[in-house]
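Okay, thanks for coming, everyone. I'll put the structure up and then walk you through a handful of spots in it.

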Amino acid sequence: MSFTDLGLSAPILKAVAEKGYDTPSAIQAQAIPAVLSGRDVMAAAQTGTGKTAGFTLPILEKLSQGPRPRANQARTLILTPTRELAAQIAENVEVYSKHLNLTSTVVFGGVKINPQMARLRRGVDILVATPGRLLDLYNQNAIRFHQLEILVLDEADRMLDMGFLRDIRKVLAVLPRKRQNLLFSATFSDDIRQLAKGLINDPVEISVTPRNAAAKSVEQWMHPVDKKKKPLLLTHLIKEHDWKQVLVFTKTKHGANKLTKHLEEQGINAAAIHGNKSQSARTKALANFKSGEVRALIATDIAARGIDIEQLPQVVNFELPNVPEDYVHRIGRTGRAGAEGTAISLVCQDEMKELVAIEQLTQKHLERVVVDGFAPMDSFPTTPGIRPPKAKKPKKEHQDGQRSAENSRGHKPASKNRRHTGQRSAAAPVANPSANKGNRRRPASSTPKSNSNA
Ligand code: AMP
């Protein structure tokens, strides 16, 4: 299938081609015709699937016909949970609409409201907004919805997690009843279904990733380590593997600041991004990370939500999240739209509960890979019911002493080690330490028996 088969007109196809996409992703192939048909859509799709273009392209197509927006009116409203995500969607809208005569703008909190009011004065075809700031603008008569045709709730699960349900309901209450609704969510919890009930009519349902499954192209494993050695292990990994661009997750804002300071002291350019940082500091940190000036971006879950950096190769969970779904969101930062990526978790004994919850949710064993010099005091047993994959015989070309798992784990610069996919779980070196001489990571056995020194 190609984009030309989807019912999009020349100016949009041109922008898509200029962006370098040749094949629609699965969500795009399904969502674009569904949105064009005018039906409501309910889509289970995590970030990284190409969902933004999935809803933006057909919306642009629809808006390219129809009346111009009047003063302070918006024809499409895209609600998203975070400022970063809002800014990114707005950027995408601009790129995809550059050959059309349509207007768009973005509004979010944490920055002055007056310039946003000024931008809304002439009306816009597409308004991207976070819920709180949108309501402020509405209450100040800066935005009205008499001409609203389409509503998008993006990352609806996250909006509920962040406590936006009341705000969303307030927004819904002031929208015209007759409109097209598109709801995108990584997961479909009962709360989301409840929200959808009052919102969506006879939707086309689309699901492109199994519920709570991680993107297939992300390789994942964990390094067991004692808590106080985590900062040093991270420094070691960054230097050892020469990671040029790594997104690191911490649980708390304080933890993000502390780790940033530690990395800076170790000569690694790092920046923190979290809710206590001003919008301009966050934007700057993200821009410096994208340009390569900042090597390690340290983020909390909420701040990192929706950060879109093409082909981010490396994600590290410095601490496991309290909520296992956040693990899936976090590793969704890498391996986006088919590109491969690696997600590594540094796990200490205090985090066994979180580890078990993640393995149960994803139904996937995270291989325990001990790094030389960082072996923890305690063991990491396997999660009951989640079996580690059996060690397969190494393939012929791997019998000459090359570690089959090595390339896939960031041993070489990122751009050269993306090729490896299927052999990770073959993991011959894991089962056979003698075949693994010289491997600096000295993996622990992933079988329950040998993994437990208890
Ligand atoms: P999203 O899930 O919307 O955040 O998109 C994830 C990433 O995939 C973004 O960097 C997009 O630029 C990229 N992308 C979206 N659609 C395509 C496509 N059809 N081909 C290649 N890359 C794409």
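Let's start with R121, which is exposed, at a relative accessible area of 52%. Bear in mind throughout that this is a predicted model. The cut-off for calling a residue exposed is over 50%, so R121 at 52% makes the class. As for where to look, R121 is in the loop that runs between α5 (114-120) and β4 (124-129). Its partner here is A71: the two are 50 residues apart in sequence, yet their C-alpha atoms are 5.4 Å apart in space.

Right after A71 in the numbering you get to N72, in the loop between α3 (51-63) and β2 (74-79). What is the phi of N72? It's near 60°, so a positive value, and this is a residue other than glycine. There is another case, N141, where phi is likewise positive and near 60°, again in a residue other than glycine. N141 sits in the loop between α6 (131-139) and β5 (150-153).

Stay around there, please, for the rings. How many aromatic pairs does the structure hold? Three. Among them is the pair of Y138 and F145, which is stacked, with 6.1 Å centre to centre and 10° between the planes. F145 is buried, at a relative accessible area of 3%. Y138 has another contact as well: R144 lies over its face, 4.2 Å from the ring centre. So if you're zooming in, Y138 is the one to centre on, because it stacks with F145 and has R144 over its face, while F145 itself is buried at 3%.

Next up, the second largest pocket, which has a volume of about 340 Å³. Its lining comes to 16 residues, and the ones nearest the centre are K227, K230, K258, F318 and E319. By class, that lining has eight charged residues, four polar and four nonpolar. Which helix gives the most to the lining? That's α11, with five residues. At least two residues each come from α10 (230-241) and α11 (253-265).

Two of those central residues also meet each other: K230 has its charged end over the ring of F318, 5.8 Å from the ring centre.

While we're on α11, have a look at H262, which is in that helix. Is H262 buried or exposed? It counts as buried, at 16% relative accessibility, because the cut-off for buried is under 20%. Its C-alpha is separated by 8.8 Å from that of T235, with the two positions 27 residues apart along the chain.

Now for some residues with even lower values. T342 is in strand β13 (residues 341-347), and it's buried, with a relative accessible area of 0%. T342 and P313 are 29 residues apart in sequence, and C-alpha to C-alpha they are 6.1 Å apart.

R368 is an arginine that also comes out buried, with a relative accessible area of 0%. You'll find R368 in strand β14 (residues 367-368). Which residue should you pair it with on screen? Try P224: the two are 144 residues apart along the chain, and their C-alpha atoms are separated by 6.4 Å.

One more helix, then: α14, residues 324-331. Why do I call it largely enclosed by the rest of the structure? Because seven of its eight residues are buried. The buried ones are P324, D326, Y327, V328, H329, R330 and I331. So the list takes in D326 and R330 along with V328 and I331.

Last item, from the record rather than from the atoms. The UniProt entry, which is unreviewed, annotates residues 1-29 as "domain: DEAD-box RNA helicase Q". In the model, that stretch is 48% helix and 0% strand, and its end C-alpha atoms are 8 Å apart.

If you want a place to begin clicking around, I'd take the second largest pocket, with K230 and F318 among the residues nearest its centre. That's me done, so over to you.

Notes. Residues numbered from 1 in each chain as written. Predicted model: local features only at pLDDT ≥ 70, side-chain atom pairs only at ≥ 80, totals over all residues. Heavy atoms only, no water. 1 Å grid on protein atoms, 1.4 Å probe; cavity = no way out; pocket = protein on both sides within 12 Å on 5 of 7 lines; lining within 4 Å. Points joined across faces, edges and corners; volume = space filled by probe spheres on them. Helix = DSSP H or I, 4+ residues; strand = E, 2+ residues; numbered from the N terminus. Nonpolar A, V, L, I, M, F, W, Y, C, P; charged D, E, K, R; others polar. Phe/Tyr/Trp six-rings, centres within 6.5 Å; stacked < 30°, edge-to-face > 60°. Buried < 20%, exposed > 50% of the residue type's maximum accessible area, 1.4 Å probe, protein only. Lys NZ or Arg CZ within 6 Å of the ring centre and 35° of its normal. UniProt positions renumbered as here; feature names shortened; annotations may be inferred.
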